[in-house]
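Trainee: I would like a close look at a single part of this chain and at what surrounds that part. Please take one helix and work outwards from there.

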Amino acid sequence: MIVGLHHVQIAVPAGSEPALRDFYGGVLGMTEVAKPSALAARGGVWFRSGTAELHLGVEADFRPAQKAHPALVVDDLDAVATRLAEAGRGLRPDNLLPGYRRCYVDDPCGNRLELLSPVS
């Protein structure tokens with residue numbers, strides 16, 4: 001049956017690509033992935049880091065996802081939190097998931113992201 005997850009699609013408003021590149025590429029250190037030419041004209045931008053791939057796609061009637069979210073595993077939550085704080089991004093810590101340290105942050109479009117690191 002299902003053997004893996006290829007990507008997660010997140011809706012974004014038209015014209016947000018520069019801010020998304022700064023946030024996902026600059027602050028979070030993800031690598032931008034070239035979109036296939038047949039899809040590039042739709043706008044948006046794709047990113048990858050490790051096995052995580054995010055497709056940020058333009059949606060005409062965009063509303064940020066404030067509950068639904070991708071959860072991204074990070075290797076050093078403290079370092080990521082520092083980078084986010086330096087970039088002026090507010091973090092919301094949470095300790096409700098046993099075995100993980102985690103926090104939430106909103107991307108430049110207001111979409112919720114979960115960042116988590118396993119407790120060893």
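**Helix 1 and its surroundings**

Mentor: In helix 1, which spans residues 17–27, the buried residues are Glu-17, Leu-20, Phe-23, Tyr-24 and Val-27. The model is a predicted one. An α-helix has 3.6 residues a turn, so residues three or four places apart point the same way. The cover over the buried residues of helix 1 includes strand 1 (8–12), strand 3 (45–49) and strand 4 (52–58). It also includes helix 3 (77–86), strand 7 (100–106) and strand 8 (112–118). Just after helix 1, Gly-29 has a positive phi of about 75°.

Two of those covering strands, strand 7 and strand 8, belong to an open sheet of four strands, ordered 5-8-7-6, with mixed pairing. Strand 5 (71–73) and strand 6 (92–94) are at its edges; each has a single partner strand, so one side of each has no neighbour in the sheet. From one strand to the next, the twist averages 25°. Strand 6 pairs with strand 7 in the antiparallel sense, over three bridges. Within that pairing, Arg-92 has Tyr-104 of strand 7 as its bridge partner. Helix 3 packs on this sheet, where it touches strand 7 and strand 8, and its direction makes about 20° with that of strand 7.

Helix 3 has its own set of buried residues: Leu-77, Val-80, Ala-81 and Leu-84. These cover an arc of only 100° around the axis, which means that they lie on the same side of helix 3. Their cover includes helix 1, strand 7 and strand 8. Helix 1 and helix 3 thus appear in each other's cover: helix 3 is listed for helix 1, and helix 1 for helix 3. At the N-terminal end of helix 3, Asp-76 acts as a cap, with a side-chain oxygen 3.3 Å from the backbone nitrogen of Asp-78. Just after helix 3, Gly-88 takes a positive phi of about 80°.

As for the setting, the protein chain has three helices and eight strands, in the sequence pattern β-α-β-α-β-β-β-α-β-β-β. Its radius of gyration is 14 Å, close to the 14 Å that the globule rule gives for 120 residues, so the chain is as compact as a globular protein of that length. Along the principal axes, the C-alpha atoms fill a box of roughly 45 × 40 × 25 Å. Of the 120 residues in the protein chain, 36% are buried. Among contacts with a separation of 6 or more, 52% join residues 24 or more positions apart.

Key:
Residues numbered from 1 in each chain as written. Predicted model: local features only at pLDDT ≥ 70, side-chain atom pairs only at ≥ 80, totals over all residues. Heavy atoms only, no water. Buried < 20%, exposed > 50% of the residue type's maximum accessible area, 1.4 Å probe, protein only. Helix = DSSP H or I, 4+ residues; strand = E, 2+ residues; numbered from the N terminus. Contact = heavy atoms within 4.5 Å. Pairing = 2+ DSSP bridges. Axes fitted to C-alpha atoms, helices over the stretch in contact; angles between N-to-C directions. Arc of directions from axis to C-beta. Polar contact = N/O pair within 3.5 Å; in protein donor to acceptor, adjacent residues only side chain to side chain. Rg over C-alpha atoms; globule rule 2.2 N^0.38 Å.
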